[in-house]
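I opened this model to look up burial, ring packing, pockets and backbone angles. My entries follow in the order I made them.

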Amino acid sequence: MRTRAPALIPIFRSALQARLLLRVLTDDEPRTITDLARALDAPEPTVHREVRRLMDADLVTGTRVGRSVVVRPADDNPATAPLRQLLVVTYGPVSFLERALCDVEGIAEAYVYGSWAARWHGEVGPAPGDIDVLVVGVPDREAVYDALEGVDSALGREVNVTFVSPERWASGEETFLAALRDRPLVRLTLGRESGAAA
């Protein structure tokens, strides 16, 4: 299957390759190819092929443990650190926001919207100047802002949060919220939801 270059950073073969590299280069613990396929919601054979290409390019290493291959960053490659930073700035918002918000009580759903979400979905355009986040629920707003402390610095962009109650979001009647629903959204998986990322 032919894949498109990702609009967020079209120097990669595909969005999957960029997301895979982001996971390997930023996760606290190394993961197996099976774990990566599950986390990326991608077929394991496809992830295996991408890992092989990245190993051939000396961007990641793979160590066989039993029947699994554990994938780690190639930290002795001088390109790894700048590549990690590039991926955090471009593809990092979802994972950074999910990690920051997963323990905040009262969030029913959360989404990234705006230009970053549009690029994630392949819409070509200028680099997003900020990250727009929609929080659906009744969390303590200060708890949300505290959880997001430092995320904008890590991502190199301002993070703007809009709050909406579940009732307003479900009604779909307000012009602003209806417009959001008509535009690309990226759902954040916060651990207690049953839905997957959009």
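Entry 1, a tyrosine and its partner. I started with Y111, which counts as buried because its relative accessibility is 8%. I note here that the model is a predicted one. Next I asked how the rings of Y111 and W169 are arranged. Their centres are 5.6 Å apart and their planes stand at 40°, so I logged the pair as tilted. Y111 belongs to strand 4 (residues 107–113) and W169 to helix 9 (residues 166–171), so the pair ties together parts that are 58 residues apart in sequence. I then looked up W169 alone and found it buried, at a relative accessible area of 4%. W169 also has a charged neighbour: R181 lies over its face, 3.9 Å from the ring centre.

Entry 2, the other rings. I counted five aromatic pairs in the model. One of them is Y91 with W120, a tilted pair with 5.4 Å from centre to centre and 50° between the planes. Y91 sits in helix 4 (residues 80–91) and W120 in helix 6 (residues 115–120), so I recorded a link between distant parts of the chain, 29 residues apart. I checked whether Y91 and W120 are buried or exposed. Both Y91 and W120 are buried. Together with W116, Y91 and W120 make up one aromatic cluster. I also found R99 placed over the face of F96, at 5.7 Å from the ring centre.

Entry 3, the nonpolar cores. I asked which residues have the most contacts inside the largest nonpolar core. They are L21, L97, L148 and V159, in a core of 50 residues. Helix 1 (residues 15–26) gives the most to this core, namely seven residues. I also logged a second, separate core of nine residues, with L134, V136, V164 and L185 among them. As background, nonpolar side chains in soluble globular proteins tend to be buried together.

Entry 4, V159 in detail. I placed V159 in strand 6 (residues 158–164). With a relative accessible area of 18%, V159 is buried, because the cut-off is under 20%. I listed its contacts, leaving aside neighbours within four places in sequence: L97, I131, V133, L148, V151 and D152. L97 and L148 are also on the list of residues with the most contacts inside the largest core. For a distance across the model I took V159 and M55, which are 104 residues apart along the chain and have their C-alpha atoms separated by 34 Å.

Entry 5, helix 5 and a pocket. I turned to the second largest pocket, which holds about 170 Å³ of space. Its lining consists of R23, D27, R31, S95, E98, R99, C102, T189, L190 and G191. I asked which element gives the largest share of this lining. It is helix 5 (residues 93–101), with three residues. R99, noted above for its place over the face of F96, is one of the lining residues. Seven of the nine residues of helix 5 are buried, so I recorded this helix as largely enclosed by the rest of the structure. The buried ones are P93, V94, S95, L97, E98, A100 and L101. S95 and E98 from this set also line the pocket, while L97 has a place in the largest core.

Entry 6, T32. I found T32 in strand 1 (residues 31–32). T32 is buried, with a relative accessible area of 16%. Not counting residues up to four places away in sequence, T32 touches S68, V69 and V70. From T32 to L134 I read 32 Å between C-alpha atoms, for 102 residues in sequence. L134 is the residue I had listed in the second core.

Entry 7, backbone angles. I looked for positive phi values, since most residues other than glycine have a negative phi. D41 has a phi near 55°. D41 is in the loop between helix 2 (33–40) and helix 3 (44–56), and it is exposed, with a relative accessible area of 70%. D58 has a phi near 60°, again a positive value in a residue other than glycine. I located D58 in the loop between helix 3 and strand 2 (60–65). D58 is partly exposed, at a relative accessible area of 40%.

Terms used: Residues numbered from 1 in each chain as written. Predicted model: local features only at pLDDT ≥ 70, side-chain atom pairs only at ≥ 80, totals over all residues. Heavy atoms only, no water. Core = buried A, V, L, I, M, F, W, Y, C linked by side-chain atoms within 4.5 Å. Buried < 20%, exposed > 50% of the residue type's maximum accessible area, 1.4 Å probe, protein only. Helix = DSSP H or I, 4+ residues; strand = E, 2+ residues; numbered from the N terminus. Phe/Tyr/Trp six-rings, centres within 6.5 Å; stacked < 30°, edge-to-face > 60°. Lys NZ or Arg CZ within 6 Å of the ring centre and 35° of its normal. 1 Å grid on protein atoms, 1.4 Å probe; cavity = no way out; pocket = protein on both sides within 12 Å on 5 of 7 lines; lining within 4 Å. Points joined across faces, edges and corners; volume = space filled by probe spheres on them. Contact = heavy atoms within 4.5 Å.
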